[in-house]
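Thanks for making the time this morning. I would like to walk you through one model, going from the whole chain down to a few single residues.

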Amino acid sequence: MPKTLEKARKAIAKKRGGAIEALHAKSRDSRRLHKAQVRDDRLEKMSEARRKRDQPLITRIAFFQEATRENENKPLELSAIQKKIAEFCHQHDEEYHEIKKARRQGRPPSAKEDLLKMKMEALHKEERDGFYLPDLTNEKTTEMLDRWDGNWAFLTNLTWVKIQSSGRSAPASFPPQTN
């Protein structure tokens, strides 16, 4: 992905006539190569952090994409959407209960159990306060969601809403604002 090291290496090789291995340790060119390597590493680390942060939203969208495909890409009723939201929010319950049951009495919860519990609590809070998802009641959005191939940039074209457990829905913007 990052190309600065390749560009710097090519420029130095061109300047030196191809003898890039014969650089002095503290020469200008070796420092230039080192800076380019550090820059590439930093960019790669930032890109990986962004992918990791966006992954929960990507899995959520894939779940609701599958739900619309099960409904033959037709818009869903609000009651059906709320059932799918509940299904999505309770997807970790079984795994959590198995881990909890496997733990011996008096032992502290494992890190995996703690993470699952935090994830479940966050999903239940969002379900109660307003669940963020593409507007599945809109035919245009369901058609576009069917064409979605996992690309983050494509998601800005979708219409987004927040659906509360009471049944009210409010328009929302993409990407979601985190507080």
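Before anything else, a word on usage: when I say that two residues touch or are in contact, I mean that they have heavy atoms within 4.5 Å of each other. Please also keep in mind that what you see is a predicted model.

With that meaning in hand, let me start at Phe131, which, if we set aside residues up to four places away in sequence, touches Arg60, Phe64, Ile85, Phe88, Cys89, Leu123, Glu126, Val161, Lys162 and Ile163. Phe131 is also among the residues with the most contacts inside the largest nonpolar core, a set of 25 residues, and it shares that standing with Phe64, Ile85, Leu133 and Leu155. Five elements each give at least two residues to this core, namely α2 (28-70), α3 (78-89), β1 (131-134), α6 (139-147) and β2 (160-163), and the largest share, five residues, comes from α2. Apart from this core lies another one, of seven residues, which includes Leu5, Ile12, Leu23 and Ala36. As a general remark, nonpolar side chains tend to be buried together in soluble globular proteins.

Let me now step back to the chain as a whole. The protein chain has six helices and three strands, and if you read along the sequence they come in the pattern α-α-α-α-α-β-α-β-β. A compact globule of 179 residues would have a radius of gyration near 16 Å, whereas this protein chain has 24 Å, and its C-alpha atoms fill a box of roughly 70 × 55 × 30 Å along the principal axes. Of the 179 residues, 32% count as buried. The protein chain exposes about 12600 Å², and carbon and sulfur atoms supply 51% of that area. If we take the contacts with a separation of 6 or more, 65% of them are between residues 24 or more positions apart. As for charge, there are 38 positive and 28 negative charges in the protein chain, and their mean positions are 12 Å apart.

Now to the loop between α2 and α3, where we find both Glu72 and Asn73. What is the phi of Glu72 near? It is near 60 degrees, a positive value in a residue other than glycine, and the phi of Asn73 is likewise a positive value near 60 degrees. For background, most residues other than glycine have a negative phi. In terms of cover, Glu72 counts as exposed because its relative accessibility is 56%, and exposed here requires over 50%. Asn73, with a relative accessible area of 24%, is partly exposed.

In the loop between α3 and α4 (93-102) we come to His92. Is His92 buried or exposed? His92 counts as buried, because its relative accessibility is 14% and the cut-off for buried is under 20%. Beyond its neighbours up to four places away in sequence, His92 touches Leu116, Lys119, Met120 and Leu123, and you may remember Leu123 from the list of residues that Phe131 touches.

Finally, please look at Arg128, which has its place in helix α5 (residues 111-129). Leaving aside neighbours within four places in sequence, Arg128 is in contact with Gln164 and Ser165. The C-alpha atoms of Arg128 and Ile81 are separated by 14 Å, with the two residues 47 residues apart along the chain.

Methods
Residues numbered from 1 in each chain as written. Predicted model: local features only at pLDDT ≥ 70, side-chain atom pairs only at ≥ 80, totals over all residues. Heavy atoms only, no water. Helix = DSSP H or I, 4+ residues; strand = E, 2+ residues; numbered from the N terminus. Rg over C-alpha atoms; globule rule 2.2 N^0.38 Å. Buried < 20%, exposed > 50% of the residue type's maximum accessible area, 1.4 Å probe, protein only. Areas by Shrake-Rupley, 256 points an atom, 1.4 Å probe, with all protein chains shown as cover. Lys, Arg positive; Asp, Glu negative; His and termini not counted. Charge placed at Lys NZ, Arg CZ, Asp CG, Glu CD. Core = buried A, V, L, I, M, F, W, Y, C linked by side-chain atoms within 4.5 Å.
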